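Work through the exercises below with the sequence and the model open side by side. Each task is followed by a solution in steps.

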Amino acid sequence: MKGQKSKIIISFLCGAIFFSGISYAAENYLKATPVKYNKLQINGSETKLENPIVTINGRLYGPLKELGQEAGFSVSSGSTIYLNRFEKLPITFTRDNVSITLNSLTKIDKSVQLNVTIKNNRDQSVKIDLSQIRADDNVKGRKMYTTSELSSFTPINDNWSLTSKGFLDNQINSKSEVTGNMKIGITEGTKNVHFYFESRSIPASFPFYVDTEGLL
């Protein structure tokens with residue numbers, strides 16, 4: 001008899017814990033409700049998203065990458081999420097007393113001429129390299145393509161090429177400034193380009209996110 005009572009009590013307790021767990025989950029679960037809207041405008045332009053905007057507990061949530069792309073940002077994720085705005089030229093990036101300015105992009109036949117100024121305010125000379133380029137980076141509906149001098153990067157699109165970068169072959173002397181051009185083969189209509197310069201002698205990186213819409 002005592003054994004049966006024990007079984008009944010244990011069964012009752014297990015049931016109580018189980019159903020109280022369901023009750024707690026029901027009171028605390030998150031419900032996402034898609035937002036119904038007729039139009040979505042970002043920076044004054046009407047657009048449509050592939051993934052829905054939803055409300056959870058009265059707050060709006062949306063697809064970060066899509067919204068970032070539409071707003072003119074590069075969005076990359078990992079242990080850290082990075083949002084970088086694509087900007088119009090000229091753009092200057094300074095690190096460790098070295099400044100790099102991308103002055104202009106000029107279309108010449110089927111190539112693009114990139115005009116660059118490097119100012120070295122350090123007491124030592126530095127070596128600067130253009131180590132990677134990503135084109136159509138984070139452009140909705142378009143495939144990014146890239147190239148790099150590093151063997152670990154494989155071009156995605158064969159019609160991108162770095163054809164000339166002569167003035168970067170030499171060290172930039174201390175307390176000096178140089179300006180030069182690089183010719184780059186590029187696909188017509190490319191909207192965004194990420195130029196990645198680096199110096200192993202500092203060491204430092206200089207990432208540029210360039211809005212090229214209307215230039216190419």
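A pocket is an open set of grid points with protein on both sides within 12 Å along at least five of seven lines, and its lining residues have an atom within 4 Å of a point. The model used throughout is predicted.

**Exercise 1. Describe the second largest pocket: its volume, its lining residues and the strands that supply them.**

Step 1. The volume of the second largest pocket is about 190 Å³.

Step 2. The lining consists of Ser74, Ser76, Tyr82, Asn84, Gln132, Arg134, His194, Tyr196, Pro207 and Tyr209.

Step 3. Place the lining on the strands. At least two lining residues come from each of β6, β7, β11 (129-135), β15 (192-199) and β16 (204-211).

Step 4. Take one lining residue further. Ser76 belongs to strand β6 and is partly exposed because its relative accessible area is 32%. Beyond four places in sequence, Ser76 touches Ile81 and Tyr82. Its C-alpha atom is 8.0 Å from that of Lys65, and the two residues are 11 apart in sequence.

**Exercise 2. Ile81 is a contact of Ser76. Determine where Ile81 lies and which surface patch includes it.**

Step 1. Ile81 sits in the loop that runs between β6 (73-76) and β7 (82-85).

Step 2. Its relative accessibility is 48%, so Ile81 counts as partly exposed.

Step 3. A patch residue needs over 30% relative accessible area and no salt bridge. Together with Leu64 and Leu83, Ile81 makes a nonpolar surface patch, and the three have about 260 Å² of accessible area together.

**Exercise 3. Find how many salt bridges the model has, and examine three of them.**

Step 1. State the idea and the cut-off. Side chains of opposite charge can pair when their charged atoms come close. Here a side-chain nitrogen of Lys or Arg must be within 4 Å of a carboxyl oxygen of Asp or Glu.

Step 2. The count by this rule is 4 salt bridges.

Step 3. One of them joins Lys175 and Asp123, with 3.5 Å between the closest N and O atoms. This pair connects distant parts of the chain, 52 residues apart: Lys175 is in the loop between β13 (161-164) and β14 (176-185), and Asp123 is in the loop between β10 (111-120) and β11. Lys175 and Asp123 are both exposed.

Step 4. Another pairs Lys127 with Asp129, at 2.9 Å from N to O. Lys127 counts as partly exposed because its relative accessibility is 22%. Asp129, at 21%, therefore counts as partly exposed too.

Step 5. A further bridge links Glu198 to Arg200, where the closest N and O atoms are 3.8 Å apart. Glu198 has 16% relative accessibility and so counts as buried. Arg200 is exposed because its relative accessible area is 61%.

**Exercise 4. Decide whether Asp211, Phe86 and Ile91 are buried or exposed, and list what lies around them.**

Step 1. Set the limits: buried is under 20% relative accessible area, and exposed is over 50%.

Step 2. Asp211 is part of strand β16. At 17% relative accessibility, Asp211 therefore counts as buried. Leaving out residues up to four places away in sequence, Asp211 touches Phe86, Glu87, Lys88, Lys191 and Asn192.

Step 3. Phe86, one of these contacts, is in the loop between β7 and β8. Its relative accessible area is 6%, so Phe86 is buried. Phe86 and His194 are 108 residues apart along the chain, yet their C-alpha atoms are separated by 8.4 Å. His194 also appears in the pocket lining of Exercise 1.

Step 4. Ile91 belongs to strand β8 (residues 91-95) and counts as buried because its relative accessibility is 11%. Outside four places in sequence, Ile91 contacts Ile100, Thr101, Leu102, Phe208, Tyr209 and Val210. The C-alpha atoms of Ile91 and Asn103, 12 residues apart along the chain, are separated by 6.8 Å.

**Exercise 5. Put these local results beside the totals for the protein.**

Step 1. The secondary structure amounts to 2 helices and 16 strands.

Step 2. Of the 216 residues, 36% are buried.

Step 3. The accessible surface is about 13700 Å², and carbon and sulfur atoms account for 51% of it.

Step 4. Consider contacts between residues at least 6 apart in sequence: 54% of them join residues at least 24 apart.

How values were computed
Residues are numbered from 1 along each chain as its sequence is written. This is a predicted model: local features need pLDDT of at least 70, side-chain atom pairs count only at pLDDT 80 or more; totals for chains, interfaces and linings use all residues. Side-chain values use heavy atoms; hydrogens and water are left out. Patches are made of residues with over 30% relative accessible area and no salt bridge: like charges are joined within 9 Å, nonpolar side chains (Val, Leu, Ile, Met, Phe, Trp, Tyr) within 5 Å. Accessible areas come from the Shrake-Rupley method with a 1.4 Å probe; for residues, only the protein chains shown count as cover. Helices (H or I, at least four residues) and strands (E, at least two) are DSSP runs, numbered from the N terminus. Buried means under 20% relative accessible area, exposed over 50%, partly exposed in between (1.4 Å probe, protein chains only). Contact means heavy atoms within 4.5 Å. On a 1 Å grid over the protein atoms alone, a cavity is a set of points where a 1.4 Å probe fits but cannot get out, and a pocket is an open set with protein on both sides within 12 Å along at least five of seven lines; lining residues have an atom within 4 Å of a point. Grid points are joined across faces, edges and corners, and a volume is the space filled by probe spheres set on the points.
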